[in-house]
Amino acid sequence: MAHSSHKRDANARRTPKTALIAAPIAGLVTLGTVGFGVVNATPVTGGMDLFAAQGSVAAILGEREPVVSRSSPRTSAAEETAAEETAAEKRAERRAKKQARAKKRARQQERREAARQATRRAVRNADTKQWTTAELNLWAAATDDAEQQGVLESGKQVLVTGRSGNGRVEIVLGDKPFWVTEGHLADEKPVSGPSSAPCANGASATGGANVQKVLRATCAFAPEITSYGGIRGGGGDHARGKALDVMVSGPRGWEIANFLRDNYRSLGISYIIYAQKIWSVDRSGEGWRGMSSRGSTTANHYDHVHVSTY
């Protein structure tokens, strides 16, 4: 009897040769499907060349196109040139503005220095003396926005430079220039106080007691004036006998107007109008104030001084 260990199993199958050949090929196909990560992570076994395996995988997967980032800059050379030109233009514009400001400051400085030199020359050459006929505000310049720098009493003698502008004239006090309202300077010293004597020149006017005071004081101060206006119709202070018109014009009118203003208390004056300006007791601190035009020389009081009394 034969031994069982040597008996051939009739049911055992043989592995076909074709299966042995196809196995490596199936492995390569599987390797291609998992991608480069598996290939790189696991060494190739079975004696296969690593680089050959990778080459095979690349052949299977195909060549990949390079990825283009949407966030990458796409500025062309022309756009960069335009941007540089714009920046250069802005820098040039800033430089031009800065230079213009510097030139403006230089011109202003030149004008200020020229004005200072002109003032020094005027003060140095001043040799005319006149008398103030009213209390005058002292201004630093002839402009409307000039700073007030004091008050000058009536009856003071001052040097006059001869310069004028904007309704003011330049005077010299203590070697310093000031500006005062024109029409308030006289060549002769004004009378110290109003006279109550009757008019020596024969002038007369109708009106109340205070009107007569104003008339006599004006006659003594300006004896050359002989024409006056008193009571008349039309209403107002003239109709009530409380106003007097002194028929005069020009700088002499200002001398008379300021003389009467300086003596308003003793003469009983409430307000004075001359050359389209008004001074009143209730607003005396404001000095002479401008008035709106009334349409004619007489209506605007350029040919007479109007005096209203209490």
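In the protein chain, 54% of the contacts with a separation of 6 or more are made by residues 24 or more positions apart. The model behind these values is a predicted one. The chain holds eight helices and 13 strands, and 30% of its 310 residues are buried. On the outside, the accessible surface adds up to about 20,400 Å², and carbon and sulfur atoms own 52% of that.

Now for the sheet. Six strands line up in the order β8-β9-β13-β10-β11-β12 to make an open sheet with antiparallel pairing. The edges are taken by β8 (228-229) and β12 (289-290), each of which pairs on one side only. Helix α5 packs on this sheet and touches β8, β9, β10 and β13, with its direction at about 20° to that of β9. At the β8 edge, the antiparallel pairing of β8 with β9 rests on two bridges. Tyrosine 228 takes part here, with valine 246 in β9 as its bridge partner. Another helix, α7, lies across β9, β10, β11 (277-280) and β13, and runs at about 165° to β10.

What about the inside? The largest nonpolar core counts 30 residues, and Tyr228 and Leu260 are the ones with the most contacts inside it. At least two residues of this core come from each of α5 (209-221), β9 (243-246), α7 (250-262), α8 (264-267), β10 (269-274) and β13 (305-309). Helix α5 gives the largest share, six residues. So which residues does leucine 260 touch, once its neighbours within four places in sequence are set aside? The list reads Val214, Thr218, Leu267, Ile269, Ile272 and Val307. There is also a second, separate core, made of eleven residues, with Leu138, Val158, Val160 and Val180 among them.

Helix α5 turns up again in the next feature. A search of the whole structure turns up one disulfide. It joins cysteine 199 to cysteine 219, with an S to S distance of 2.0 Å. Cysteine 199 sits in the loop between β7 (185-186) and α5, while cysteine 219 belongs to helix α5 itself; the two are 20 residues apart, and the pair links distant parts of the chain. A disulfide, for anyone new to the term, is a covalent bond between the sulfur atoms of two cysteines. Why is this disulfide of cysteine 199 and cysteine 219 called right-handed? The torsion about the S-S bond is about 85°, and the handedness follows from that. Are the two cysteines buried or exposed? Cysteine 199 has a relative accessible area of 16% and cysteine 219 one of 6%. Buried means under 20%, so cysteine 199 counts as buried, and so does cysteine 219.

Finally, a look at the backbone. Most residues other than glycine have a negative phi. Asparagine 166, however, has a positive phi, near 55°. Its place is the loop between β4 (157-165) and β5 (168-173), and with a relative accessible area of 47% asparagine 166 is partly exposed. Alanine 275 also has a positive phi, near 50°. This alanine 275 is found in the loop between β10 and β11, which are both strands of the six-stranded sheet. With a relative accessibility of 10%, alanine 275 counts as buried, whereas asparagine 166 is partly exposed.

Note on methods
Residues numbered from 1 in each chain as written. Predicted model: local features only at pLDDT ≥ 70, side-chain atom pairs only at ≥ 80, totals over all residues. Heavy atoms only, no water. Core = buried A, V, L, I, M, F, W, Y, C linked by side-chain atoms within 4.5 Å. Buried < 20%, exposed > 50% of the residue type's maximum accessible area, 1.4 Å probe, protein only. Helix = DSSP H or I, 4+ residues; strand = E, 2+ residues; numbered from the N terminus. Contact = heavy atoms within 4.5 Å. Pairing = 2+ DSSP bridges. Axes fitted to C-alpha atoms, helices over the stretch in contact; angles between N-to-C directions. Disulfide = S-S within 2.5 Å. Areas by Shrake-Rupley, 256 points an atom, 1.4 Å probe, with all protein chains shown as cover.
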